[in-house]
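Work through these exercises with the model open beside you. Try each task before you read its solution.

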Amino acid sequence: MLDVAVIEEPAAAEASLDPIRSRILAALAEPGSAAMLATRLELPRQKVNYHLKELERHGLVELAEERRKGNVTERVYRATAASYVISPSVLAAVSPDPSRSPDQLSARWLLALGSRLVQEVGALLTGASRAGRRVASFGIDAQVRFASAADRTAFAEELSLAVATLVSRYHDESAPGGRSHRVVVGLHQIPSAPQPEDDRPQPADTRPQPADTRPQPTDTRPRPEADQENRT
């Protein structure tokens, strides 16, 4: 089983997005038969069997083994990968193009770069898997908290300079047998996790409160001063 498989066929993408089939794919992290899956997912066995055949047809699940039980042969399936990524090539006609309006400060352009990254690395993985080879790649994932927007700008400028320096040092256009590699560096905020409704701060009620017009009870208890006057 692969760690990640890239879906590049529209029909396979459509099959993976079906709610029942996505549940079956998740359940097949551990091999199982149609009968076992029907019990796990609380679905009719005939329906599970139908969806299994569709997933197998698109290469999303595969036959793990066959077990003979009396006069019946039980087919045990497994997912072909632990997780799946749909390549932007599935929607080639409308997929983002990084060469269109490149802008280092544009979040949409960064998204287009990420889309191309998935597409190109996915194609490499597919070819390497067929050839029984590994893909030579490298990645860095880090978090940095900036004290101010000025610090973020300074960081981006230094990072750009460092990457440009490295590229100019190692790039050799005329090297015989050389292979071109793509370097993508991105910087974006980390989305905040949605806060549960009960934990969200409630806005203060700033509406004017109606005056209390009810009659107030009169204090009829003797005051110490009055009592002293009566004694004298």
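Helices (H or I, at least four residues) and strands (E, at least two) are DSSP runs, numbered from the N terminus. The model is predicted: local features need pLDDT of at least 70, side-chain atom pairs count only at pLDDT 80 or more, and totals for chains, interfaces and linings use all residues. Residues are numbered from 1 along each chain as its sequence is written, and side-chain values use heavy atoms, with hydrogens and water left out.

**Exercise 1. Place A112 and A107.**

Task: State which helix holds A112, and decide whether A112 is buried or exposed.

Solution.
- Step 1. Find the element. A112 lies in helix α5, which covers residues 107–131.
- Step 2. Apply the cut-offs. Buried means under 20% relative accessible area, exposed over 50%, and partly exposed in between (1.4 Å probe, protein chains only).
- Step 3. Read the value. A112 has a relative accessible area of 4%, so A112 is buried.
- Step 4. Look for the cover. Contact means heavy atoms within 4.5 Å. Not counting residues up to four places away in sequence, A112 touches P96, D97 and P98.
- Step 5. Check one of these pairs by C-alpha. A112 and P98 are 5.1 Å apart in space and 14 residues apart in sequence.
- Step 6. Turn to A107, also in helix α5. Its relative accessibility is 62%, so A107 counts as exposed.
- Step 7. Add a long-range pair. From A107 to G186 the C-alpha distance is 9.6 Å, across 79 residues of sequence.

**Exercise 2. Draw the three-stranded sheet.**

Task: Give the strand order of the open sheet and name the edge strands.

Solution.
- Step 1. Recall the rule for pairing. Strands of a sheet pair through backbone hydrogen bonds, either parallel or antiparallel. Here, two strands pair if DSSP finds at least two bridges between them.
- Step 2. Write the order. The three strands run β2-β4-β3 across the open sheet, with antiparallel pairing.
- Step 3. Mark the edges. β2 (32–33) and β3 (61–69) each pair on one side only.
- Step 4. Count the β3 bridges. Eight join β3 to β4 (residues 72–79).
- Step 5. Set the register. K69 is opposite V72, R68 has T73 as its bridge partner, and L63 faces Y77.
- Step 6. Add the other side. Two bridges join β2 to β4, again antiparallel. There, G32 stands opposite Y77.
- Step 7. Close the hairpin. Two residues separate β3 from β4, and G70 in the turn has a positive phi of about 65°.

**Exercise 3. Explain the status of S33.**

Task: Why does S33 count as buried?

Solution.
- Step 1. Locate S33. It lies in strand β2.
- Step 2. Compare with the cut-off. S33 counts as buried because its relative accessibility is 1%.
- Step 3. List the partners. Beyond its neighbours within four places in sequence, S33 is in contact with E74, R75 and V76.

**Exercise 4. Describe the α3 and α4 packing.**

Task: At what angle do α3 and α4 pack, and which residues meet?

Solution.
- Step 1. Fix the geometry. Axes are lines fitted to C-alpha atoms, for helices over the stretch in contact, and angles run from 0 to 180 degrees between N-to-C directions.
- Step 2. Read it off. Helix α3 (residues 34–41) packs on helix α4 (residues 45–57) at about 115°, with the axes 9 Å apart.
- Step 3. List the faces. From α3 come A34, A35, L37 and A38; from α4 come R45, V48, N49 and L52.
- Step 4. Sort them. Ala, Val, Leu, Ile, Met, Phe, Trp, Tyr, Cys and Pro count as nonpolar, Asp, Glu, Lys and Arg as charged, and the others, Gly among them, as polar. The contact has six nonpolar residues, one polar and one charged.
- Step 5. Inspect the link. E42 lies in the loop between α3 and α4. Its phi is near 55°, a positive value in a residue other than glycine. With a relative accessible area of 73%, E42 is exposed.

**Exercise 5. Summarise the whole protein.**

Task: How many helices and strands are there, and what share of the residues is buried?

Solution.
- Step 1. Count the elements. There are seven helices and five strands.
- Step 2. Put them in order. From the N terminus they run β-α-α-β-α-α-β-β-β-α-α-α.
- Step 3. Give the buried share. It is 19% of the 232 residues.
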